[in-house]
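Reader: Hey, can you walk me through this one? I have the coordinates open and would like to go piece by piece.

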Amino acid sequence: GDIIRETGKIAFAGGAALNVKLNQKIIARDEVKELFVQPAASDAGTAIGAASYVIAGKGIELEKMEHVYLGPEFTNEQCIEACQNYKTEDGQAVKFEQIDEVPQRIAKLLADGNPVSWFQGRMEFGPRALGGRSILGCPSVEGVANRINEQIKFRERWRPFCPSMLDTVAPKMLKTDHPAPFMTFTFEVNDGWAERVPEVVHEDGTARAQAVKEDINPRYYALLKELEKLTGNGVALNTSLNRRGEPVVCTPEDALNMFYGSDLQYLIMQDILVTKA
């Protein structure tokens, strides 16, 4: 209580910290200016706690946690090799091509109403898909959430999908200026935005949002910018790259297994675009 009164800031690390509705209520309190929720707030987060304890014991100042892109990354060559070695259930070769202007090409697919498997850069640490291992959709396209459910996720429809947005869009769409890097809060949405991006706004008028910074994830940011040019909204529907009941995809082989075990039509791995007939 004294810390909150003096600084206006709180930090959460336990599993209960992933209760996004509770977090929304906490930051609505007048005495709370900012709430930091460690984005892997589960047993996995003990690794951060242990490392932080040792670093602090050595007198080294801890760095602010700006992102969770801490997992493996794969090159175009590794993605191509995975495609060449993979055989579908009917024995067919993988149809793939290396493309230029990835953000522009993928934004056009999204704006045309297609869900896309997005496999880029280092994998996220923690339970949230934040633009490294994601399934994306255009939230202004009516029915895209249902389509993703039918093709891959099979989640209850009352569970809303979440928006990733440009950090320049967040102050316009959300009724708060609170930081939103990790999808650990729900926020009330400003008037008009439920009509603009209905596929990512819950029926109670809230969204579990991620505000994307260009210097943290430049390729994802570029995709959102291209989507903004095409649709007027720098917002993407974002859900984790996995089938229901399975862990989030890590490797190119994982991505291909998931892709061919679903009805999704497009998978982009780095610059390698995989399509189905």
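Author: Sure. Keep in mind that this is a predicted model. A place to start is strand β4, residues 116-119, which pairs with strand β11, residues 266-269, in the parallel sense over three bridges.

Reader: Which residue in β11 is the bridge partner of Ser 117?

Author: Ser 117 has Leu 267 as its bridge partner there. Phe 119 is matched with Met 269 in β11.

Reader: And how many bridges join β4 to β5?

Author: Four, and those two strands run antiparallel. One of the pairs there is Trp 118 in β4 with Ser 134 in β5.

Reader: Which residues of β4 sit on which side?

Author: Val 116 and Trp 118 are on one side, with Ser 117 and Phe 119 on the other. All four are buried, so both faces of β4 are covered. That split fits the usual rule: in a regular strand the side chains alternate between the two faces of the sheet.

Reader: OK, zoom out. What's the strand order of the whole sheet?

Author: It's an open sheet of eight strands, ordered β3-β12-β11-β4-β5-β10-β6-β9, and the pairing is mixed. At the edges are β3 (96-98) and β9 (210-212), each of which pairs on one side only. On average, neighbouring strands are turned by 30 degrees against each other, direction ignored.

Reader: Which strands does α9 touch?

Author: Helix α9, residues 218-231, packs on the sheet and touches β4, β5 (133-137), β6 (162-166), β9 and β10 (235-240). Its direction makes about 90 degrees with that of β6.

Reader: I see α5 next to α9. At what angle do they cross?

Author: Roughly 50 degrees, with the axes of α5 (residues 102-111) and α9 coming within 8 Å. The two helices are therefore oblique to each other, and α5 passes α9 in a right-handed crossing.

Reader: Which residues meet there?

Author: From α5 they include Val 102, Ile 106, Ala 107 and Leu 110, and from α9 they include Ala 222, Leu 223, Leu 227 and Leu 230.

Reader: Ile 106 again... which residues have the most contacts inside the largest nonpolar core?

Author: Ile 106 is one of them, along with Phe 119, Met 173, Leu 256 and Met 269. That core has 69 residues. Apart from it lies another core of seven residues, among them Met 65, Val 68, Tyr 69 and Met 183.

Reader: Switching to α4 and α10. How far apart are their axes?

Author: 9 Å, and helix α4 (residues 76-85) packs against helix α10 (residues 252-260) at an angle of about 45 degrees. That makes α4 oblique to α10. The crossing is right-handed. On the α4 side, Gln 78, Cys 79, Ala 82 and Cys 83 meet Pro 252, Glu 253 and Leu 256 in α10.

Reader: What about α6, how many of its residues are buried?

Author: Seven of the 10 in α6 (residues 144-153), so that helix is mostly covered. The buried set includes Val 144, Ile 148 and Ile 152, and also Asn 149, Gln 151 and Lys 153. Among the elements covering them are β5, β10 and α10.

Reader: Loops next. Is Lys 95 buried or exposed?

Author: Lys 95 counts as exposed, at 55% relative accessibility. Its place is the loop between α4 and β3. Beyond residues up to four places away in sequence, Lys 95 touches Tyr 260, Leu 273, Val 274 and Thr 275.

Reader: Which residues besides glycine have a positive phi?

Author: Two to look at are Glu 101, with a phi of about 50 degrees, and Gln 270, with about 55 degrees. For context, most residues other than glycine have a negative phi. Glu 101 is in the loop between β3 and α5, while Gln 270 is in the loop between β11 and β12 (272-275).

Reader: Are those two buried or exposed?

Author: Glu 101 counts as exposed at 55% relative accessibility, whereas Gln 270 is buried, with a relative accessible area of 13%.

Reader: Last one: where does Gln 24 lie?

Author: In helix α2, residues 20-27. At 16% relative accessibility Gln 24 counts as buried. Leaving aside neighbours within four places in sequence, Gln 24 is in contact with Phe 185, Thr 186, Phe 187, Glu 188 and Thr 206.

Methods: Residues numbered from 1 in each chain as written. Predicted model: local features only at pLDDT ≥ 70, side-chain atom pairs only at ≥ 80, totals over all residues. Heavy atoms only, no water. Pairing = 2+ DSSP bridges. Axes fitted to C-alpha atoms, helices over the stretch in contact; angles between N-to-C directions. Contact = heavy atoms within 4.5 Å. Core = buried A, V, L, I, M, F, W, Y, C linked by side-chain atoms within 4.5 Å. Buried < 20%, exposed > 50% of the residue type's maximum accessible area, 1.4 Å probe, protein only. Parallel < 35°, antiparallel > 145°, perpendicular 65-115°, else oblique. Left-handed = near helix turned anticlockwise from the far one by under 90°.
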